[in-house]
Structures are given as structure tokens and as C-alpha cells.
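Trainee: Could you take me through one part of this model in detail? I'd like to start from a single residue and work outwards.

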Amino acid sequence: MLQYVERTGRLSSSGGPRGMSTESKRELRERMTAARDAIPPKERAARSERLARHAIAAWEAGAFAWGAPPDGERPRRLAWYAAFRSEADAAGLARWCWARGIPVAAPRVDAAAKAMTLHDVAGEQELMPGTYGILEPAPHAPLAALTPGTLTLVPGLAFDARGGRLGYGGGYYDRLLAPHRAAIDAGAILLAAPAFAAQIVDVVPTEPHDVRVRFLLTEEGIIDCKTGGAYQWS
Ligand SMILES: Nc1nc2c(c(=O)[nH]1)N(C=O)[C@@H](CNc1ccc(C(=O)N[C@@H](CCC(=O)O)C(=O)O)cc1)CN2
Ligand SMILES: Nc1ncnc2c1ncn2[C@@H]1O[C@H](COP(=O)(O)OP(=O)(O)OP(=O)(O)O)[C@@H](O)[C@H]1O
């Protein structure tokens with residue numbers, strides 16, 4: 001069952017020190033890395049499973065509808081990424097897509113070119129350690145285009161309720177998504193960030209090139225940053 005809850009309810013922001021607006025990107029990266037690392041691995045795994053369950057329920061309920069209402073459709077594809085370090089892990093959502101025949105893509109980093117490409121993957125067994133030790137598709141894996149109807153997962157260290165995002169500073173996702181901004185703004189490509197609720201802060205410092213995400217996928221529920229709606233599987 002999927003419940004709609006008011007956003008003043010249980011999905012909380014972890015706030016921050018007073019004078020939050022003066023906290024730099026570097027300070028926020030350090031603080032959020034420490035907050036995420038402090039969650040014990042077993043607890044991270046349990047929260048990641050809850051996150052995936054909320055996301056699956058939201059997908060099934062049509063919360064990730066793309067295209068104009070009332071004909072909004074469920075996503076046709078998932079652009080996923082393999083979690084590394086202490087990141088929230090949305091692998092449960094990717095496995096659910098594979099089991100249903102929904103195409104899944106994952107990124108490969110070309111560090112020299114400072115670029116990232118998406119490739120089709122049919123299962124986790126097709127991934128291998130790449131740049132930064134992150135599991136990636138093999139070089140010969142077919143290139144995947146970001147097409148309308150793709151629910152695109154975007155990683156990050158900190159997020160705010162308006163969809164502001166702070167990554168590791170590589171700019172990989174901003175550059176990958178830059179050519180697709182019109183489709184993102186039109187709601188044809190939906191961006192969703194898997195994150196622990198502890199990674200949500202009052203305000204993430206953003207710059208014009210930063211792409212906002214539409215949804216936050218947390219262990220406490222799904223937040224629609226556009227409408228302020230929150231969804232919980234129960
Ligand atoms: N799981 C996952 N996969 C992903 C990303 C991600 O954030 N998470 N990326 C999202 O972009 C890309 C990889 N981006 C990365 C960017 C920087 C660093 C990194 O180690 N940065 C250094 C600091 C570098 C500096 O400041 O000069 C660090 O964090 O110590 C790692 C990955 C592609 N795949
Ligand atoms: N569309 C773009 N075109 C070219 N350079 C860009 C673009 N977007 C971001 N960059 C560059 O990438 C660098 C890192 O940007 P930023 O700090 O926003 O990364 P991030 O979003 O934290 O990282 P990531 O996307 O890898 O998680 C900056 O130097 C920025 O100028």
C-alpha cells in the first residue's frame with residue numbers, strides 16, 4: 001500500500017549548524033561524508049532495503065509518472081549506478097526492474113576525458129571495478145541513450161527539499177545531464193536521488209550548472225521536490 005503524507009510530517013531534514021547559508025560546499029561535503037560514514041554498514045543495508053521498497057511501491061503506484069497528466073506513464077527505463085563508499089544503495093530497485101524486463105543502464109567514467117557514458121546492463125554480474133573502484137559496465141557494453149521515460153538515479157552527498165544536490169565535485173552528472181535539461185524541465189526525464197534521510201539538509205549551495213532532482217528516495221519515504229508530496233510504502 002502507498003500512503004500520501006503531508007510533508008510537515010515525518011520526513012525530516014537533518015538541519016545543520018547555525019549560519020548554515022555560510023557553510024561552504026567543501027564543509028558540507030565533509031560534514032555529510034562523516035554523517036553517512038557514521039551509519040553502521042548493517043544499518044546502511046537495512047535502510048537501503050527500505051529505500052528500495054518505498055521506491056518500488058511509488059513506481060507501481062504511478063508516483064514517477066512522466067509526460068502530461070492525466071496520461072502520465074510509469075517509467076520505461078532505469079538509469080542506475082552501483083553504490084560505493086557509504087552511499088545509499090538502490091540495487092533493490094535495479095533488481096526489481098531486471099526481474100520485470102525493464103531496461104537498466106549504468107554509468108562508465110572516462111577520467112581522462114572527464115566524461116561519463118551510460119550503458120545497458122542485464123544484471124550485476126556484468127559490472128566490473130572501474131575508475132574510483134566503482135562497479136561499472138564493461139567497455140563493450142552497448143551505449144544507452146537517455147530517452148524520455150527514463151527514471152534517472154543521481155548520486156550525491158547532500159540534498160535539500162527543492163532538489164538541490166551536492167556531489168563529489170567531479171561534475172560528471174551535471175555534464176551528462178546538461179544536454180538533456182529541456183527534457184528534464186519538461187518532466188520527460190525524471191531525476192531521483194537515492195539518499196539516507198540524514199543527508200537532507202535545509203539548503204544545499206547550488207550554482208547555475210547544477211541540475212536539480214525531482215525526487216528524493218529515502219528510507220523514510222519518497223519526496224516529490226516539485227509538489228512537496230511525500231510517499232511511504234507500508
Ligand atoms: N556510486 C557512484 N557512482 C558514480 C558517481 C557517484 O557519485 N557515485 N559519480 C558521480 O559523479 C561518478 C564518479 N564520480 C566521482 C567523482 C569524484 C570522486 C572522488 O574520489 N573525489 C575525491 C575528491 C576529488 C577532488 O576534490 O579533487 C574524493 O571524494 O575524495 C569519486 C567519484 C560516476 N559514478
Ligand atoms: N554543464 C557543465 N559543463 C562543463 N563543466 C561543468 C558542467 N557542470 C559542471 N561542470 C564543472 O564540473 C565541476 C564540478 O561541479 P560540481 O561541484 O557541481 O560537481 P558535483 O555535482 O558535486 O559532482 P558530480 O556530478 O561528479 O557528483 C566544476 O568545475 C564545474 O565547472
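Trainee: In which helix is the place of Asp174?

Mentor: Asp174 has its place in helix α4, helices being DSSP runs (H or I, at least four residues; strands are E, at least two) numbered from the N terminus. Before you lean on that, the model is predicted, so local features need pLDDT of at least 70 and side-chain atom pairs pLDDT 80 or more, while totals for chains, interfaces and linings use all residues. Residues count from 1 along each chain as written, chains are lettered from A and ligands numbered from 1 in written order, and side-chain values use heavy atoms, leaving out hydrogens and water.

Now back to Asp174: this residue is buried, at a relative accessible area of 12% (buried is under 20%, 1.4 Å probe, protein chains only). Skip the neighbours within four places in sequence, and Asp174 is in contact with Arg165, His209, Asp210 and Val211 (heavy atoms within 4.5 Å).

Two of those names come up again around ligand 2. Its surroundings are 15 residues, with Arg165, Gly167, Gly171, Asp174 and Asp210 the closest (a heavy atom within 4 Å). For polar contacts (N or O pairs within 3.5 Å), look at the oxygen atoms of the ligand. A polar side-chain atom of Asp210 sits 2.9 Å from a ligand 2 oxygen, and a polar backbone atom of Gly171 is also 2.9 Å from an oxygen of ligand 2. With Gly170, a backbone N or O is 3.2 Å from a ligand 2 oxygen. On its own, ligand 2 would expose 650 Å², and the protein buries 70% of that (Shrake-Rupley, 1.4 Å probe). Helices α1 (25-37) and α4 (172-177) are the elements that give two or more residues to the shell, and α4 supplies the largest share, 4 residues.

For another set of buried side chains, turn to helix α3 (91-100). Its buried residues are Ala91, Leu93, Ala94, Trp96, Cys97 and Trp98. They pack against α2 (41-60), β2 (77-79), β3 (104-110), β4 (115-121) and β7 (150-153). Right after α3 comes Gly101, where phi is positive, about 75 degrees.

Since Cys97 turned up there, a word on cysteines. Cys97 has a relative accessible area of 0%, so it counts as buried; Cys225, at 15%, does too. As for disulfides (cysteine sulfur atoms within 2.5 Å), the structure holds 0.

Technical notes. Buried means under 20% relative accessible area, exposed over 50%, partly exposed in between (1.4 Å probe, protein chains only). A polar contact is a pair of N or O atoms within 3.5 Å; within protein, one must be able to donate a hydrogen and the other to accept it, and residues adjacent in sequence count only if both atoms are side-chain atoms.
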